Amino acid sequence: MTPPPPVTDRAPSDPPGGLAPEHSGTFDAALGDAELLAARAALAQGRWQSARSLLLHTGDEWDRRGHRVTVLAADPGAHSRAGQWLLAEPGSADAATLLALALVHRALRGEEDPEHARASCRTAAGLAPADPTPWLGLLLLARALGPEAELTAAFKELRARHPEHHHGHHLLIAGLAERPPGGPESHEAYDTAERAAAEAPADSPLAVLPVVAYAERHRVLAAAGLAPAVPGPVPCAHWTGPRARRVLRAAFDWWLEWEHDEHPRRHLDLNHLAFAMSAAGRPAEAAALFHRIGPHATRAPWSYTGQDPWAAFHQARAHALATG
């Protein structure tokens, strides 16, 4: 088993003072994907050809495709550019999928009729029956707008096309976490996440999903005033029970042995692990994770504390690096 990186060294991407100034206080959903960053910049300037090339070469790497389409679609002008692309190439599944996800983002911002976005997702799904990405769009809508039955139905369709879909599992667990618990350490979100992790291949990032479930429950408990912001002088009780300790140990051990630097959403998993280790009062493990995260902070789960998410990330990071 590979040991964690030494906590006395800075991450390669960190300048002497910590995070680089250009990353201070910001979150970028692209998570360091250089090709995606270039295509997004071109799309913002009105050029859709780079997005076309990017998605063509992404092929059926479903997690990467979902990540890239979702990030491109969040650009305020993406629906217009995707519409131009579709006019130039009628019947293009990639163009239809980008348009559908762009309309989903507009609907989530209150700028589009959700039914129009849903219909566009179904149209895209018809053009690419094997692609889970249009179903990811429907899952995003269902997670934000409901009803819950649509969340589970969309997830079922998405999982049928890609059983290990990373983003889809995160959205499902976030929804399940809002259901009432059965006891202090008993919850449907925990059971579902552990089952998905157990059924996935040994090298699957879904190994971290049980930690995500605990983070989502932390979000619900913090909103109800039942969990403190992290970090704090005393480890949060939510993260120190027997089941939580087992989940954290298993996920951290998986990271040490199986970390996949190439997974498009790996930084989200690393942030969840760092959040969990910080809340559980385990600064040495948290410091190792913060080194690996470098400048790639993610809004979730740091927004789950009730604090400004960047402030929560920076505070946890500083504490871990000082005491770990």
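**Pockets, a cavity and some aromatic rings**

Let's start at the second largest pocket, whose lining residues split into four nonpolar, five polar and six charged. Keep in mind as you look around that this is a predicted model. The second largest pocket encloses about 260 Å³ of space. It is lined by 15 residues, and those closest to its centre are Asp63, His162, Glu164, Pro205 and His263. Helix 3 puts in the most here, with three residues of the lining.

Now move over to the largest pocket, which holds about 960 Å³. Here 28 residues make up the lining, with Ala29, His167, Arg265, Leu268 and Ala300 closest to the centre. Several helices give two or more residues to that lining, among them helix 5 (93-108), helix 7 (133-145) and helix 13. The largest share comes from helix 9, at four residues. As for chemistry, the lining of the largest pocket has 14 nonpolar residues, eight polar ones and six charged ones.

Next, the closed space. The structure has one cavity of 30 Å³ or more, and the volume of this largest cavity is about 90 Å³. Pro205 and His263 turn up again in its lining, having already appeared by the centre of the second largest pocket. The other residues lining the cavity are Trp254, Trp255, Glu259, His260, Arg266, Asp269, Leu270 and Leu273. Helix 12 (242-258) and helix 13 (266-279) are the elements that give two or more residues to this lining, and helix 13 gives the most, with four. By type, the cavity lining comes to five nonpolar, two polar and three charged residues.

Then there are the aromatic rings. Searching the whole structure turns up eleven aromatic pairs. Take Phe275 and Trp302: their ring centres sit 5.4 Å apart with the planes at 80°, so this pair counts as edge-to-face. Phe275 belongs to helix 13 and Trp302 to helix 15, so the pair ties together parts 27 residues apart in sequence. Both Phe275 and Trp302 are buried.

Trp310 and Phe313 also have ring centres 5.4 Å apart, but with their planes at 35° the pair is tilted. These two are three residues apart in helix 16 (residues 309-323), so about one helical turn separates them. Trp310 and Phe313 are both buried. All four of these rings belong to one aromatic cluster, together with Phe27, Tyr190, Tyr214, Trp239 and Phe290.

One last stop: Arg219 lies over the face of Tyr304, 5.7 Å from the ring centre.

Terms used:
Residues are numbered from 1 along each chain as its sequence is written. This is a predicted model: local features need pLDDT of at least 70, side-chain atom pairs count only at pLDDT 80 or more; totals for chains, interfaces and linings use all residues. Side-chain values use heavy atoms; hydrogens and water are left out. On a 1 Å grid over the protein atoms alone, a cavity is a set of points where a 1.4 Å probe fits but cannot get out, and a pocket is an open set with protein on both sides within 12 Å along at least five of seven lines; lining residues have an atom within 4 Å of a point. Grid points are joined across faces, edges and corners, and a volume is the space filled by probe spheres set on the points. Ala, Val, Leu, Ile, Met, Phe, Trp, Tyr, Cys and Pro count as nonpolar, Asp, Glu, Lys and Arg as charged, and the others, Gly among them, as polar. Rings of Phe, Tyr and Trp (its six-membered ring) pair if their centres lie within 6.5 Å; planes under 30 degrees apart count as stacked, over 60 as edge-to-face and the rest as tilted. Buried means under 20% relative accessible area, exposed over 50%, partly exposed in between (1.4 Å probe, protein chains only). A charge sits over a ring if NZ of Lys or CZ of Arg is within 6 Å of the ring centre and within 35 degrees of the ring normal.
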